[in-house]
Structures are given as C-alpha cells and as structure tokens.
Amino acid sequence: MILTGKQIHEEYKLGKISLEPFSLDQIKRDSYNYRLGQYLKEAYYDEDSRLKFNVIDLKERGSYVIKKDTLYLGVTYEEIGSSRYAMSLIGKSSLGRLGLFLQISANLGHTGSSHKWTLEIYSPNNIVLNYKMVIGQVSFWTNYGKVEKTQHYYNNFSDPRESILMKQTFV
C-alpha cells in the first residue's frame, strides 16, 4: 500500500522516513515533491566513442537548458530514505507533458537506503531546468514479507553517479 501525504508526515516525525531538508509545502496527497539538486552530468561521446560526462553546477548557474535527445544524470536536492518503506521516485506530470523523462529505468528505492538519489533525465525537447526546482515526487510503499538488510552500490553516493557497467559496456 502507498502512504498518504498525511501518513508520510507522521512517519517523518517518527523518524521512519528521512526527507532532509523537509518542508510541509512539499507534501502532496500521496507523495512528497523532491527538488533538483546542485549537479547535472551531461553525457557525450569522446573521439574514441567512449561515453563521458560534463559536470554542470546548477547552484553556480541557477538554470540550464538541457539539450534535446541527450542523457543527463541529476541528483535530488533532498536526502530521501526510509528504514521501513520502499520508495518510488517518479517525475512530475507537468514536466512529463513537456517531454521530460525522469527515472528512465530505475525508480525503485530500496528500504534502508537514505541519500540524494541519481536522476536519469532525458527529453526530446530543450527544457530549462533550475536549481532547487520541484522536478519529481517520491512515494512510500509498505513492504510485505521480511525486509532483508542489503548493501547496494549506489546507496553510497549522494552525487549523480554513472553506471558501474560503463567500463564493461563502453570500452
């Protein structure tokens, strides 16, 4: 079952959900709005056809026009996590209607994780992104069955993190 906005707030107050920094204004009916963090990584291929990334500092720039048909890795402004619930990060429908894809393939946040999440950003259109803009929403889901503690590679980072498969896939 998905938690309502009121229940998200209650679980946050009990310490079972981490949303830092927290704002009551970002609680919605059954989700919490998260914002775009400081860094974007813009994908490109070098002269040897290897996938590389340029780092863009949104805090320094304020805003940035993402190029159509280009992959970007972003990061949430908030540290998001839960010791009790699984999380699902998705985009805002208002941005989706402009063509912005968020969390292209990996929208599940594992129970026990808490960090700034890497966002997989792509658009068929040029779109302006701003530092700290509301870009998506996270929902919290009840687990059924025993939750086993596991360590996931990406949980160790709070910056936009490229795939661990890059060295194997793009050689």
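**Reading burial, salt bridges and sheet order in a predicted model**

Ser-139 lies in strand β14, which spans residues 134-142. The model discussed here is predicted.

User: How should burial be read, and is Ser-139 buried or exposed?

Analyst: Burial is read from relative accessible area, with buried meaning under 20%. Ser-139 has a relative accessible area of 9%, and therefore counts as buried.

User: Which residues are in contact with Ser-139, leaving aside its neighbours within four places in sequence?

Analyst: With those neighbours set aside, Ser-139 is in contact with Ile-2, Asp-30, Ala-86, Met-87 and Ser-88. There is also a polar contact between the side chains of Ser-139 and Trp-141, at 2.9 Å.

User: Turning to charged pairs, how many salt bridges does a search of the whole structure find?

Analyst: A salt bridge is recognised when a side-chain nitrogen of Lys or Arg lies within 4 Å of a carboxyl oxygen of Asp or Glu. By this criterion, the search finds six salt bridges in the whole structure. One of them joins the side chains of Arg-35 and Glu-78, with an N to O distance of 2.6 Å. This pair links distant parts of the chain, 43 residues apart: Arg-35 is in strand β2 (residues 32-35), while Glu-78 is in the loop between β6 (72-75) and β7 (79-82). Both Arg-35 and Glu-78 are buried.

User: Which residues do salt bridges that share partners join into one network?

Analyst: Two salt bridges should be read together here. Arg-50 forms a salt bridge with Asp-46, the closest N and O atoms lying 3.3 Å apart. Arg-50 also forms a salt bridge with Asp-48, where the closest N and O atoms are 2.7 Å apart. Through these shared partners, Asp-46, Asp-48 and Arg-50 are joined into one network.

User: Why is Asp-46 classed as buried, while Arg-50 and Asp-48 are classed as partly exposed?

Analyst: Partly exposed residues fall between the buried limit of under 20% and the exposed limit of over 50%. Asp-46 is classed as buried because its relative accessible area is 14%. Arg-50 counts as partly exposed because its relative accessibility is 36%. Asp-48 is likewise partly exposed, because its value is 46%.

User: In what order do the three strands of the open sheet stand?

Analyst: The order is β1-β7-β11, and the pairing is antiparallel. The edges are held by β1 (17-20) and β11 (114-115); each has a single partner strand, so one side of each is left without a neighbour in the sheet.

User: Over how many bridges do β1 and β7 pair?

Analyst: The antiparallel pairing of β1 and β7 runs over four bridges. Leu-19 stands opposite Ile-80 in β7.

How values were computed: Residues numbered from 1 in each chain as written. Predicted model: local features only at pLDDT ≥ 70, side-chain atom pairs only at ≥ 80, totals over all residues. Heavy atoms only, no water. Helix = DSSP H or I, 4+ residues; strand = E, 2+ residues; numbered from the N terminus. Buried < 20%, exposed > 50% of the residue type's maximum accessible area, 1.4 Å probe, protein only. Polar contact = N/O pair within 3.5 Å; in protein donor to acceptor, adjacent residues only side chain to side chain. Contact = heavy atoms within 4.5 Å. Pairing = 2+ DSSP bridges.
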